[in-house]
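Let's walk through this one together, starting with the cysteines and then moving on to the overall fold and the aromatic rings. Have a look at the model first.

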Amino acid sequence: MSATIEHTPDNAAPAQAPASDRAWALFRALDGKGLVPEGYTEGWKKTFEEDFSPKRGAELVARAWTDPEFRDLLLTDGTAAVDQYGYLGPQGEYIVALEDTPTLKNVIVCSLCSCTAWPILGLPPTWYKSFEYRARVVREPRKVLSEMGTDIPEDVEIRVYDTTAETRYIVLPQRPAGTEGWSREQLQQIVTKDCLIGVAVPHVPAN
């Protein structure tokens with residue numbers, strides 16, 4: 001009996017398991033050969049969960065909202081401001097802060113790949129890395145933000161900044177009304193990764 005051979009066109013992409021499954025398969029293979037140092041994965045887990053975290057960016061924003069001197073430093077020399085907290089390092093060099101105003105909304109993209117300031121924004125979201133976001137937000141930012149749940153008034157200008165290896169951006173959003181008297185810890189809770197990228201704005205939770 002002859003076997004049936006399934007033909008795959010030369011230009012067709014072969015089926016692949018999900019990236020997470022392939023990553024774990026590779027890890028198990030390397031670990032089985034004793035090639036993974038003790039504590040290696042735990043160290044990277046700490047890096048991704050603690051060292052690369054938007055909570056750090058929220059901390060910077062909350063301080064800028066409550067400390068005019070620090071705000072001025074963040075806007076004139078973002079790298080120096082972030083360095084006060086020791087939040088630089090790989091993917092965190094050359095920080096530039098972009099301030100939202102009543103007439104201006106800033107948005108970050110990396111049109112070539114997925115660069116962000118990892119140490120203060122965290123790892124880039126899946127949507128940020130998508131070709132659709134990267135291609136469309138530079139052409140029709142108002143529409144893209146609306147589709148993501150953020151409607152920007154027509155009289156507010158939207159500026160899109162393209163992140164590069166030389167410049168990493170963080171958006172300093174406007175402080176919402178109704179947060180007067182809040183502590184920095186309270187303010188940090190309303191600053192999300194999407195706010196730091198610029199596709200969302202901070203909101204005061206409903207009572």
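How far is the sulfur of Cys-113 from the closest cysteine sulfur? Keep in mind that this is a predicted model. The partner is Cys-110, and the gap between the two sulfurs is 3.5 Å. To call a disulfide you'd want the sulfur atoms within 2.5 Å, so this pair is too far apart for a bond. Cys-115 tells a similar story: its closest cysteine sulfur belongs to Cys-113, at 3.5 Å, again too far for a bond. The count therefore comes to 0 disulfides under that cut-off. As for their surroundings, Cys-113 is partly exposed at 36% relative accessible area, while Cys-115 is buried at 16%.

Now step back to the whole chain. You'll find 11 helices and 4 strands, and of the 207 residues, 35% are buried. Take the contacts between residues at least 6 apart in sequence: 68% of them join residues at least 24 apart. About 12700 Å² of the chain is exposed, with carbon and sulfur atoms supplying 54% of that area.

Finally, the rings. The structure holds 6 aromatic pairs. One of them is Phe-70 with Tyr-85: the ring centres sit 6.0 Å apart and the planes meet at 75 degrees, so the pair is edge-to-face. Phe-70 belongs to helix α4, whereas Tyr-85 lies in the loop between α5 and β1, so to speak 15 residues along. Phe-70 is buried, at 2% relative accessibility, but Tyr-85 is partly exposed at 24%. Tyr-87 joins these two through ring pairs, making a cluster.

Terms used: Residues are numbered from 1 along each chain as its sequence is written. This is a predicted model: local features need pLDDT of at least 70, side-chain atom pairs count only at pLDDT 80 or more; totals for chains, interfaces and linings use all residues. Side-chain values use heavy atoms; hydrogens and water are left out. Helices (H or I, at least four residues) and strands (E, at least two) are DSSP runs, numbered from the N terminus. Buried means under 20% relative accessible area, exposed over 50%, partly exposed in between (1.4 Å probe, protein chains only). Contact means heavy atoms within 4.5 Å. Accessible areas come from the Shrake-Rupley method with a 1.4 Å probe; for residues, only the protein chains shown count as cover. Rings of Phe, Tyr and Trp (its six-membered ring) pair if their centres lie within 6.5 Å; planes under 30 degrees apart count as stacked, over 60 as edge-to-face and the rest as tilted.
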